[in-house]
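This report is meant for a reader meeting the structure for the first time. Please keep the sequence and the 3D view at hand while reading.

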Amino acid sequence: MACLHDHDCGDHNCSSDWSLFKHIDLPKVSALNEAVTGSVKSVFKPWEQRLNSSEGHLESNEDDSELIVFIPFTADVKIKSIAIVGGAGGTSPSKMRAFINRDGIDFSDAQSMQVVQEWDLAENLQGVLEYQTRYTRFQSVGNITLHFPDNFGADTTQIHYIGLKGEATQMKRDVVANIVYEIMPNPSDHKTQAETGGGFSHVE
């Protein structure tokens, strides 16, 4: 279901307080079928800059409108809504399908796997629409893959902005494990008085 904004975004969930932008692991974001390698990173930006395409945009290869975007997070998150700003002239994506916590999804996988949720999209050139998730399905999300299978009739698909709203829940498990490891003493690093022949043990 799409939500049309008819309010001051600064006073509602559109505010940067709800944006997951700062939790996106941007260096690890990737896309399949992008015409310019790495251009997918340009579509992630703060909400207030969503209509600024000076840094570029994501576009599919010629005569192939399909795109897959892989978005990992630096923390587990809950996703409340997704906003997509597409291109003009029929290049905006017309459908979006989401998969969560699955790595390495390709186009074959996207067609055969069960989606978590899918949406019919409207052309959203002004960035006033966002699409609500089935919130209970989007808990503890470590990564999300968005599949855009089609557009509004153009030869290529363009995406200028992808915005995710929600909240972070915790640090990722590997980060937590590393912190615990650093806190736990390693016996080989700390010689006892008996082992060193006297004096104080030195803890680095």
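## A salt bridge between two buried residues

Glutamate 130 has a relative accessibility of 7% and therefore counts as buried, since the limit for that label is under 20%. The model in which this glutamate sits is a predicted one, and the values below should be read with that in mind. The side chain of glutamate 130 meets that of lysine 165 in a salt bridge, with a distance of 3.6 Å from N to O. Lysine 165 belongs to strand E9 and glutamate 130 to strand E7, which covers residues 129-132, so the pair ties together parts that are 35 residues apart in sequence. Lysine 165 counts as buried as well, because its relative accessibility is 4%.

## Other salt bridges

A search of the whole structure finds 4 salt bridges, and two more of them can be described here. Arginine 97 forms a salt bridge with glutamate 118, and the closest N and O atoms of this pair are 3.5 Å apart. This pair, too, links distant parts of the chain, with arginine 97 in strand E5 and glutamate 118 in strand E6 (residues 117-120), 21 residues apart. Arginine 97 is buried, with a relative accessible area of 11%, whereas glutamate 118 is partly exposed at 41%.

The side chains of lysine 28 and aspartate 25 also meet in a salt bridge, for which the distance from N to O is 3.7 Å. Lysine 28 counts as exposed at 56% relative accessibility, while aspartate 25, at 17%, counts as buried.

## The chain as a whole

With these pairs in place, the wider layout of the chain can be described. The chain holds 3 helices and 9 strands, and along the sequence they follow the pattern β-β-β-β-β-α-β-β-β-β-α-α. The chain has 204 residues, and buried residues make up 44% of them. Its accessible surface comes to about 11000 Å², and 51% of this area belongs to carbon and sulfur atoms.

How much of the contact pattern is due to residues 24 or more positions apart? Among the contacts in the chain with a separation of 6 or more, such residues account for 79%.

## Two residues in strands and their contacts

Threonine 145 is found in strand E8, which runs over residues 141-148, and it is buried, with a relative accessible area of 2%. When its neighbours within four places in sequence are left aside, threonine 145 is in contact with Ile68, Val69, Phe70, Arg97, Ala98, Phe99, Arg102 and Ile105. One of these partners, Arg97, is the arginine that forms a salt bridge with glutamate 118.

Glutamine 158 lies in strand E9, made up of residues 158-171, and at 17% relative accessibility this glutamine counts as buried. The C-alpha atoms of glutamine 158 and threonine 91 are separated by 5.3 Å, although these residues are 67 residues apart along the chain. Thr91 is also one of the contacts of glutamine 158 beyond its neighbours within four places in sequence, and the others are His57, Leu58, Glu59, Gly86, Gly87, Ser92 and Pro93.

## Loops with positive phi, and a charged patch

Most residues other than glycine have a negative phi. Which value does phi take in aspartate 63, a residue that is not a glycine? Aspartate 63 has a positive phi of about 60°. This aspartate lies in the loop between strand E3 (58-59) and strand E4 (67-86), and it is exposed, with a relative accessible area of 62%. Together with Glu62, Asp64 and Asp155, Asp63 gathers in a patch of negative charge on the surface.

Asparagine 101 has a positive phi as well, near 55°, and is likewise a residue other than glycine. The place of asparagine 101 is the loop between strand E5 (95-100) and helix H1 (107-112). With a relative accessible area of 38%, asparagine 101 is partly exposed, whereas aspartate 63 counts as exposed.

Definitions and conventions. Residues numbered from 1 in each chain as written. Predicted model: local features only at pLDDT ≥ 70, side-chain atom pairs only at ≥ 80, totals over all residues. Heavy atoms only, no water. Helix = DSSP H or I, 4+ residues; strand = E, 2+ residues; numbered from the N terminus. Buried < 20%, exposed > 50% of the residue type's maximum accessible area, 1.4 Å probe, protein only. Contact = heavy atoms within 4.5 Å. Patch = residues over 30% accessible without salt bridge, like charges linked within 9 Å, V, L, I, M, F, W, Y side chains within 5 Å. Areas by Shrake-Rupley, 256 points an atom, 1.4 Å probe, with all protein chains shown as cover. Lys, Arg positive; Asp, Glu negative; His and termini not counted. Charge placed at Lys NZ, Arg CZ, Asp CG, Glu CD.
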